[in-house]
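Open the model in your viewer and keep a selection box ready. Each stop below says what to select and what is there.

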Amino acid sequence: MSSHHVVREKQEPALLVLGLDGFQDELLGQLLEWSPTVIATHETAEKLISMGIKIDWVISDGDDEDLQSDVKLMSYGDDNVADAALKHLVSDAYPSVNIITDEFNLGDYDRFADKINLVIFYDHKKIYPVTPGFSKWKTGGETIEILSRVKDLEFTGLEKINDQQYKTTKDGIFSLRFDGLFLLIAEAAP
């Protein structure tokens, strides 16, 4: 008997590729493992296609020639590329997206954090939103960065390094409590 996995559309996080400089092929392979919807810029689409990766959407500012058959074009119009892609994913009811980027601007993502589950890979970091009462197991000595402005932050299992950086004090669970709906944190990417 063999087992079959049925992957329904939108069951896996979409993959938005805004930049690939220095991104590890192994991690890219893991993000592509279950054949997500892949959205890329014209530049990243060329790199992905050269690696044999199928693109579903190319974000463009005009009429680009088709890079692969069945590739759809998404115009970003007055938005930036990240906004256009995230608006599309939210309006199309995608529950989550993994984003690979070479540039990180908090404002591009924080307004979407309550609309779609985001995981952003930038500069060897994994960035994602957490809600008040968040807790996670980590090994001792790992760095956690708080990227959002936050009121009344309380934490356990962490030692403050500076206004944004904290270090886990030992192997175990750290937790964050704060006023607000969410905040974006960063940790070392796998």
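The tour goes from sheets to a helix, then to aromatic rings and cores.

**Before you start**

This is a predicted model, in which local features need pLDDT of at least 70 and side-chain atom pairs count only at pLDDT 80 or more, while totals for chains, interfaces and linings use all residues. Residues are numbered from 1 along each chain as its sequence is written, and side-chain values use heavy atoms, with hydrogens and water left out.

**Stop 1: the eleven-stranded sheet**

Colour by secondary structure; helices (H or I, at least four residues) and strands (E, at least two) are DSSP runs numbered from the N terminus. Two strands pair if DSSP finds at least two bridges between them. Find the open sheet of eleven strands, in the order β4-β3-β2-β1-β5-β6-β7-β14-β9-β12-β11. Its pairing is mixed. Now select β4 (72-75) and β11 (158-160), the edge strands. Each has a single partner strand, so one side of each is left without a neighbour in the sheet. On average, neighbouring strands here are turned by 25 degrees against each other, direction ignored. Such angles come from axes, lines fitted to C-alpha atoms (for helices over the stretch in contact), and run from 0 to 180 degrees between N-to-C directions.

**Stop 2: β12 and its partners**

Select β12 (residues 165-168). β12 pairs with β11 in the antiparallel sense, over three bridges. Look for E159, whose bridge partner in β12 is K167. A hairpin of four residues joins β11 to β12. Next, add β9 (residues 143-146), which is also joined to β12 by three bridges and runs antiparallel to it. Here E145 has Q165 as its bridge partner.

Show the side chains of β12. Which of them are buried? Y166 and T168 point to one face and are buried, while Q165 and K167 point to the other and are not. Buried means under 20% relative accessible area, exposed over 50%, and partly exposed in between (1.4 Å probe, protein chains only). In a regular strand the side chains alternate between the two faces of the sheet.

**Stop 3: helix α2**

Select α2 (residues 42-50), which packs on the sheet. The helix touches β1 (14-17), β2 (38-41) and β3 (57-60). Contact means heavy atoms within 4.5 Å. The direction of α2 makes about 120 degrees with that of β2.

Show T44, A45 and L48, which are buried. They cover an arc of only 105 degrees around the axis, which puts them on the same side of α2. The arc is that of the directions from the helix axis to the C-beta atoms. The buried residues of α2 pack against β1, α1 (25-31), β2 and β3. On the other side of α2, E43 and S50 are exposed. Just after the helix, check G52: its phi is positive, about 85 degrees.

**Stop 4: the three-stranded sheet**

Move to the open sheet of three strands, ordered β8-β13-β10 with antiparallel pairing. β8 (134-138) and β10 stand at the edges, each with a single partner strand, so one side of each lacks a neighbour in the sheet. Neighbouring strands are turned by 20 degrees on average, direction ignored. Select β8 with β13 (residues 172-179): five bridges pair them. K136 stands opposite F174 in β13.

**Stop 5: aromatic rings**

Rings of Phe, Tyr and Trp (its six-membered ring) pair if their centres lie within 6.5 Å; planes under 30 degrees apart count as stacked, over 60 as edge-to-face and the rest as tilted. The count comes to six aromatic pairs. Select F104 and Y109, a stacked pair at 5.5 Å centre to centre, with 5 degrees between the planes. F104 is partly exposed at 23% relative accessibility, whereas Y109 is buried at 1%.

Now go to F155 and Y166. The ring centres of F155 and Y166 are 5.0 Å apart and the planes are at 70 degrees, so the pair is edge-to-face. F155 is in β10 (residues 151-156) and Y166 in β12, eleven residues apart. F155 is partly exposed at 28%; Y166 is buried at 4%. Return to F104 and Y109 and add Y122: these three form one aromatic cluster.

**Stop 6: the cores**

A nonpolar core is a set of buried Ala, Val, Leu, Ile, Met, Phe, Trp, Tyr and Cys residues joined through side-chain atoms within 4.5 Å. The largest has 31 residues, and L48, L176 and I185 have the most contacts inside it. Centre on L176. Beyond its neighbours within four places in sequence, its contacts include V130, F134, I146, L153, F155 and I185. Apart from this core lies another, of 24 residues, among them L18, W57, L118 and I127.
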